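Hi,

Here is the structure I said I would pass on, with the sequence alongside. Have a look at it first, and then read on for what turned up.

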Amino acid sequence: MSGFYWYQRNPQLFEAEKLAMRENFPNFTLEKLDDGRICWVGDLNPRGNSGGVWTLMVVYDHNHPHNNTYGGSLRVYSVKPDLNDLYKAAGSLPHVLRDANGDLYMCTARPEDVDSGNVATSAAKALGWAAKWIFIVEEWLEGDLGDEVFEHTY
C-alpha cells in the first residue's frame, strides 16, 4: 500500500495541485489538519477596495478526487468572515452547504463541473469559483443584486 492519503497514493496529482496553486493563488499556503487532510489557506479580496478580505480554507476530502457531491471532493470554508455568523446576521446565504458538523461552506461547483480524473487540478478551480461567489454575495448583501442573480450563476 502506497499510503492512506490521496496525496501519498497519487503524488502526480498532488504536484499538479501545488503547481496550479503556486501559479494562480501564490499567497495561499498548504497546511495539514489534525486528521491528515490537507488544505490551502489564504486571503481573497475579489472586489478590491469596495469589498472585504476573506480568509478561506480549501479542504480536500480523504478520497479526493471525486465528484459525488456538490463541490466535489473539496470544501471551501470562509474562516473570516465565518459563514455561520454571516448566515445568522443576513438570515440566509445563497449557494452554501453544511458539512457533517453543521458548518457552512461555499457551494463552488455542481458535480458535473468537477474534474475527478488523475490529472485534475481542482483547488485552484474551487478558489476561482469562490472568488466569483464572494463577489456576487457581497453585492447581494449590500442590496445591489437581487435573488434572481443566483438562478443561473452555477
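First, a word on naming: the helices and strands here are DSSP runs counted from the N terminus, where a helix is H or I over at least four residues and a strand is E over at least two. With that in hand, Pro81 can be placed in the loop between β4 and α3 (83-90). Please keep in mind that this is a predicted model.

**The overall layout**

The protein chain holds four helices and six strands. Read from the N terminus, their order is α-α-β-β-β-β-α-β-β-α. Of the 154 residues in the chain, 44% are buried. If you take the contacts with a separation of 6 or more, 51% of them join residues that sit 24 or more positions apart. The chain exposes about 8,100 Å², and carbon and sulfur atoms supply 49% of that area.

**Backbone oddities**

Pro81, mentioned above, follows a cis peptide bond: the one from Lys80 to Pro81 has omega near -5°. There is also a cis bond from His64 to Pro65, with omega near -5°. Pro65 lies in the loop between β3 (54-60) and β4 (74-80).

His95 is worth a look as well. Its phi is near 55°, which is positive although the residue is not a glycine. You will find His95 in the loop between α3 and β5 (96-98). Is it buried, exposed or something in between? His95 counts as partly exposed, because its relative accessibility is 25%.

**The inside**

The largest nonpolar core has 32 residues, and Leu56, Leu83 and Met106 are the ones with the most contacts inside it. The elements that give two or more residues to this core are α1 (6-9), α2 (11-24), β2 (38-44), β3, β4, α3, β6 (104-106) and α4. Which of them gives the most? That is α4, with nine residues in this core.

For a closer view, take Leu83. Beyond its neighbours within four places in sequence, Leu83 is in contact with Trp54, Ser78, Leu93, Val96, Leu104, Tyr105, Met106 and Trp133. Another core lies apart from the largest one and has five residues, among them Cys39, Val41, Val59 and Tyr105.

**Glu138 and its surroundings**

Glu138 is found in helix α4 (residues 122-141). This charged residue is buried, because its relative accessible area is 8%, and the cut-off for buried is under 20%. Leaving out neighbours within four places in sequence, the contacts of Glu138 are Arg47, Gly51, Gly52 and Trp54.

Two pairs show how the sequence folds back here. Glu138 and Pro46 are 92 residues apart in sequence, yet 9.7 Å apart in space from C-alpha to C-alpha. Gly51 and Glu138 are separated by 87 residues in sequence and by 7.0 Å, again C-alpha to C-alpha. Gly51 is in the loop between β2 and β3, and at 23% relative accessibility it counts as partly exposed. Besides Glu138, Gly51 touches Asn45, not counting residues up to four places away in sequence.

Elsewhere in α4's reach, Leu127 pairs up with Asn24: the two are 103 residues apart in sequence and 9.2 Å apart in space, C-alpha to C-alpha. Asn24 has its place in helix α2 and, at 46% relative accessibility, counts as partly exposed.

**The largest pocket**

The space in the largest pocket comes to about 260 Å³. It is lined by 16 residues, and Met57, Val59, Tyr77, Asp99 and Asp103 lie nearest its centre. By class, the lining has eight nonpolar, three polar and five charged residues. At least two lining residues come from each of β3, β4 and α3. Which element gives the most to the lining? The answer is β4, with four residues.

Val59 turns up twice, then: in the smaller set of five core residues and among the residues nearest the pocket centre.

Cheers

Technical notes
Residues numbered from 1 in each chain as written. Predicted model: local features only at pLDDT ≥ 70, side-chain atom pairs only at ≥ 80, totals over all residues. Heavy atoms only, no water. Buried < 20%, exposed > 50% of the residue type's maximum accessible area, 1.4 Å probe, protein only. 1 Å grid on protein atoms, 1.4 Å probe; cavity = no way out; pocket = protein on both sides within 12 Å on 5 of 7 lines; lining within 4 Å. Points joined across faces, edges and corners; volume = space filled by probe spheres on them. Contact = heavy atoms within 4.5 Å. Core = buried A, V, L, I, M, F, W, Y, C linked by side-chain atoms within 4.5 Å. Areas by Shrake-Rupley, 256 points an atom, 1.4 Å probe, with all protein chains shown as cover.
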